[in-house]
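Trainee: I would like to go through this protein one point at a time. Please show me the sequence and structure before we start.

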Amino acid sequence: MLKRQKMVYALIISFLFVFSVHDAGALRATSMTGGKGAPSGNQTQVTKSSQFVKKIANNVLYLEGNKSYDLTGVNVIDLTGKRRVSENKKLADMTFVNGALKEVILR
């Protein structure tokens, strides 16, 4: 009877492992743009970018690459109290939806 129980437990564990590995494939990221690289008319295109901040003044974000963005209507999250990159520089993680800046996370 002991051998039979071990075999049943081994089968149960094997099935659980196989199904957990099979379900992990469902977590793969898929592209929003489709096969040709261009979004169709009804899809939203989300892009993310991270750049160092030169300064923030008058509700405008100035980046080190000589780009600037107006922060009016943009969700800004300031995490500079928990810096991970550098003590002297701030990093801006920016999220764009259809080319418009929607969120900035300062690190």
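Trainee: What pattern does the protein follow when read along the sequence?

Mentor: This is a predicted model, in which local features need pLDDT of at least 70, side-chain atom pairs count only at pLDDT 80 or more, and totals for chains, interfaces and linings use all residues. Residues are numbered from 1 along each chain as its sequence is written, and side-chain values use heavy atoms, with hydrogens and water left out. Helices (H or I, at least four residues) and strands (E, at least two) are DSSP runs, numbered from the N terminus. The protein has one helix and six strands, and along the sequence the pattern is α-β-β-β-β-β-β.

Trainee: Which strands pair with S6, and in which direction, parallel or antiparallel?

Mentor: Two strands pair if DSSP finds at least two bridges between them. Strand S4 (residues 75-78) is joined to strand S6 (residues 100-106) by four bridges, and asparagine 75 stands opposite glutamate 103. Strand S5 (residues 90-97) is joined to S6 by six bridges, with valine 97 opposite alanine 100. The answer is S4, parallel, and S5, antiparallel.

Trainee: Which residue in the turn of the S5 and S6 hairpin has a positive phi?

Mentor: S5 and S6 form a hairpin with two residues between them. The residue lies in the loop between S5 and S6 and is not a glycine, although its phi is positive at about 50°. It is asparagine 98.

Trainee: What is the phi of asparagine 59?

Mentor: Asparagine 59 lies in the loop between strand S1 (46-57) and S2. Its relative accessible area is 39%, so it counts as partly exposed (buried is under 20%, exposed over 50%, partly exposed in between; 1.4 Å probe, protein chains only). Asparagine 59 is not a glycine, yet its phi is positive, at about 65°.

Trainee: How many residues make up the largest nonpolar core?

Mentor: A nonpolar core is a set of buried Ala, Val, Leu, Ile, Met, Phe, Trp, Tyr and Cys residues joined through side-chain atoms within 4.5 Å. The members here include Val53, Leu71, Phe96 and Val104. Strand S2 (60-63), S5 and S6 each supply at least two residues of this core. The total is 11 residues.

Trainee: Which asparagine is in contact with valine 104?

Mentor: Contact means heavy atoms within 4.5 Å, and neighbours within four places in sequence are left aside. Among the contacts of valine 104 are Leu61, Leu71, Val74 and Met94. The asparagine in contact with valine 104 is Asn75.

Trainee: How far apart are the C-alpha atoms of lysine 55 and lysine 89?

Mentor: Lysine 55 lies in strand S1 and is partly exposed, with a relative accessible area of 45%. Not counting residues up to four places away in sequence, lysine 55 touches Val60, Leu61 and Tyr62. Lysine 89 is 34 residues from lysine 55 along the chain, and their C-alpha atoms are separated by 9.7 Å.

Trainee: Is tyrosine 9 buried or exposed?

Mentor: Tyrosine 9 lies in helix H1 (residues 2-24). Its relative accessible area is 53%, and the cut-off is over 50%, so tyrosine 9 is exposed.
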